[in-house]
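The following exercises are to be worked with the sequence and the three-dimensional model at hand. Each task is followed by a solution in steps.

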Amino acid sequence: MLAYRAARRFLSFSRFVSSSIPLRHLHQGAPRLDGNASIHPSAIIHPGAVLGKAVSVGPFCTVGSTARIGDGCELHPGCHVVGDTELGERCVVLSGAIVGADLPGRTIIGRNNVIGHYAVIGVKCQDLKYKPGDECFLIVGDNNEIREYTSIHRSSKSTEKTVIGDNNLIMGSCHIAHDCKIGKNNIFANNTLLAGHVVVEDYTHTAGSIVIHQFCHIGSYCFIGGGSVIAQDVPKYMMVSGDRAELRGLNLEGLRRHGFSSMEVRSMRSAYKKIFMPNDTQSDGIENRLSEVCNPIYRHMTKS
């Protein structure tokens, strides 16, 4: 009996959607809507929204009044694009995802991004210092894959931005907090959690279930082992792990995969030993040890 009543209510709602909210009314004011678009009758698209060419909008999607959807984008059933939000060309927003928020400021998503099921991208930060009414921003580059249940927050104030670069893989249930700066070609495994103001450079790789404390700086080409807690900066090229992570040596496999030569790796080994493994326990401070490193490139190992 309950199932019968639920079915009747659903049919009644479907008839209401198709009769009371006609397609031509919902899509009025979308100047770039062309004949190749595929828009389900139950989608609710504000007249002020701008839709590009060959856009696909599935059932029960919503598109807000100031949203701009680029050419070739796909909005899967039950996803929502709200607030002052821009989706670049050929983005895919999967079912249940929410992109943007009705807040001052903007969310800008570049081209060829995939936003996974039930991800929440470009919403208000969780910083208690945020003042209602302040502008806040999120900028995402191109060719990123943001998997299911990930959350990425806007900045905490108008003078800051949360920034995600290009070609990153952000796996399921990750969190990137306000004002983080993420570079390019990074891989964040499931449940990688970044607190506010974290900086991650390029080509880093995290294993699952790691935590990075606010304001930490993660250098390029480093690897963070699973279950680690990062409470300090991580130098370039390193492998770290542990609760309050410690250096475990160079990220040799990562360096090999990214094309570093054997000679470069040998030079890094030598620099690593001089900087981080001095033979004399009474040796000079780290600045003096850095000055002894011949190649100036490796003097930046401690300066992420």
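The structure is a predicted model, in which local features need pLDDT of at least 70, side-chain atom pairs count only at pLDDT 80 or more, and totals for chains, interfaces and linings use all residues. Residues are numbered from 1 along each chain as its sequence is written, and side-chain values use heavy atoms, with hydrogens and water left out.

**Exercise 1. The sheet**

Determine in which order the nine strands of the open sheet follow one another, and which strands stand at its edges.

Solution.
Step 1. Strands are DSSP runs of E of at least two residues, and helices are runs of H or I of at least four residues, both numbered from the N terminus.
Step 2. Two strands pair if DSSP finds at least two bridges between them. The order obtained is β3-β6-β9-β12-β15-β18-β21-β24-β27, with parallel pairing.
Step 3. β3 (50-51) and β27 (217-218) are the edge strands; each has a single partner strand, so one side of each lacks a neighbour in the sheet.
Step 4. For one pair in detail, take β18 and β21 (residues 181-182), which are joined in the parallel sense by two bridges. Here V163 lies opposite K181 of β21.

**Exercise 2. A residue within the sheet**

State whether T85 is buried or exposed, and list its contacts beyond the sequence neighbourhood.

Solution.
Step 1. T85 belongs to strand β9.
Step 2. With a 1.4 Å probe and protein chains only, buried means under 20% relative accessible area, exposed over 50%, and partly exposed in between. T85 has 0% relative accessibility and therefore counts as buried.
Step 3. A contact requires heavy atoms within 4.5 Å. When neighbours within four places in sequence are set aside, T85 touches T66, A67, R68, V99, G100, A101 and T107.

**Exercise 3. The nonpolar core**

Identify the residues with the most contacts inside the largest nonpolar core, and the element that supplies its largest share.

Solution.
Step 1. A nonpolar core is a set of buried Ala, Val, Leu, Ile, Met, Phe, Trp, Tyr and Cys residues joined through side-chain atoms within 4.5 Å.
Step 2. The largest such core comprises 56 residues, and V57, L75, L87, I176, L194 and I212 have the most contacts inside it.
Step 3. β15 (136-140), β26 (210-212), β30 (238-241) and α4 (262-276) each contribute at least two residues to this core. The largest share, three residues, is that of α4.
Step 4. Inspect I212: apart from neighbours within four places in sequence, I212 contacts L193, L194, A195, V198, I218, I224 and I230.

**Exercise 4. Salt bridges**

Describe the salt bridges of R68, R90 and E253, with the partner and distance of each.

Solution.
Step 1. A salt bridge is a side-chain nitrogen of Lys or Arg within 4 Å of a carboxyl oxygen of Asp or Glu. The structure holds 13 salt bridges.
Step 2. R68 and D84 meet through their side chains at 2.7 Å, N to O. This pair links distant parts of the chain, 16 residues apart: R68 is in strand β6 (residues 68-69), and D84 is in the loop between β8 (80-81) and β9 (85-87). R68 is partly exposed at 25% relative accessibility, and D84 is likewise partly exposed, at 24%.
Step 3. R90 pairs with E89, the closest N and O atoms being 3.1 Å apart. R90 is partly exposed at 42%, as is E89 at 33%.
Step 4. E253 pairs with R256, with 2.3 Å between the closest N and O atoms. These residues are three apart in helix α3 (residues 252-257), which means that about one helical turn separates E253 and R256. E253 is partly exposed at 37%, whereas R256 is exposed at 53%.
Step 5. Salt bridges with shared partners unite R68, D84, E86 and R106 in one network.

**Exercise 5. Loop residues**

Locate N167, Y237 and P59, and give the accessibility class of each.

Solution.
Step 1. N167 lies in the loop between β18 (162-164) and β19 (169-170). Although N167 is not a glycine, its phi is positive, about 60°. At 35% relative accessible area, N167 is partly exposed.
Step 2. Y237 lies in the loop between β29 (229-230) and β30. Its phi is also positive, near 70°, in a residue other than glycine. Y237 counts as buried, at 9% relative accessibility.
Step 3. P59 lies in the loop between β4 (56-57) and β5 (62-63) and is partly exposed at 23%. Its C-alpha atom is 6.4 Å from that of G78, 19 residues away along the chain. Leaving aside neighbours within four places in sequence, P59 contacts H40, S42, P77 and G78.
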